Amino acid sequence: MKFETILLVIEVGGTIAFAMSGLLEAIRKRMDIVGVFSVAFVSAFGGGTVRDVLLDRRPLFWIQNQEYVWIVLALALTAPLWLRTVRHRITENAMEFADACGLGLFAISGATIASAAGMPSLVSVLMGAITAVFGGVSRDVLCNEIPKVYQDHRPYTLCAVVGCVVLLGLHALGAAPHVSMIAGICTATGSRLLAVVFGWKLPAWPSLRD
């Protein structure tokens with residue numbers, strides 16, 4: 001499989017996963033169709049847009065591939081049909097799973113694109129983290145919540161960073177592109193899911209008050 005094809009599959013998968021997480025959260029907030037589409041759109045494209053702006057990539061990835069916008073629109077319009085069988089009590093789990101999948105897919109997509117553009121390893125890792133995190137942050141802000149990545153202490157950005165490090169490390173060791181990408185995705189997504197399941201938490205920043 002060609003490198004461009006692998007990257008395309010990862011980008012489409014990440015777009016769908018983050019669109020799903022935004023869609024589910026907007027529905028939980030009982031938004032109308034415009035609100036649901038807006039939150040899904042920002043969740044799916046926010047991180048990649050910031051990445052493309054910082055890397056000076058034109059046109060933006062979702063403008064170059066307008067099929068992504070149609071995918072998000074189709075998900076929003078058909079949501080009432082396929083969500084009828086999903087009970088409210090499992091919606092949170094579904095959102096966490098979709099969010100973790102999007103995290104891993106977009107982290108590796110961002111780091112790969114930055115690395116292919118000749119960016120240093122540190123910048124590539126940061127681009128991967130930004131691509132993975134910014135969509136979820138924007139989703140939570142639009143839903144009038146403090147972004148989970150900043151306040152629930154469960155590893156999130158750290159999972160994306162570790163996945164990017166695995167990707168670049170295997171690439172430096174001469175691993176095939178698809179092997180390093182899959183390993184990076186599994187590391188980022190898997191570590192996030194484990195953190196959610198087992199309740200792993202990062203220590204809080206020391207308080208300034210005694």
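**Notebook: fold and the α2/α6 contact**

I read the elements of the protein chain from the N terminus as α-α-α-α-α-α-α-α-α. I counted 9 helices and 0 strands, both being DSSP runs numbered from the N terminus (helices H or I, at least four residues; strands E, at least two). The model is predicted: local features need pLDDT of at least 70, side-chain atom pairs count only at pLDDT 80 or more, and totals for chains, interfaces and linings use all residues. Residues are numbered from 1 along each chain as its sequence is written, and side-chain values use heavy atoms, with hydrogens and water left out.

I looked up the overall size next. The radius of gyration, taken over C-alpha atoms, is 17 Å, close to the 17 Å from the globule rule for 210 residues, so the protein chain is as compact as a globular protein of that length. The rule is 2.2 Å times the number of residues to the power 0.38. I noted that 45% of the 210 residues count as buried (under 20% relative accessible area, 1.4 Å probe, protein chains only).

I then checked one helix pair. The axes of α2 (residues 33–54) and α6 (residues 121–142) come within 7 Å and cross at roughly 145°; axes are lines fitted to C-alpha atoms over the stretch in contact, and angles run from 0 to 180 degrees between N-to-C directions. Among the residues making the contact (heavy atoms within 4.5 Å), I listed Val39, Val42 and Arg51 of α2 and Ile130, Phe134 and Arg139 of α6.

Note on methods
Buried < 20%, exposed > 50% of the residue type's maximum accessible area, 1.4 Å probe, protein only.
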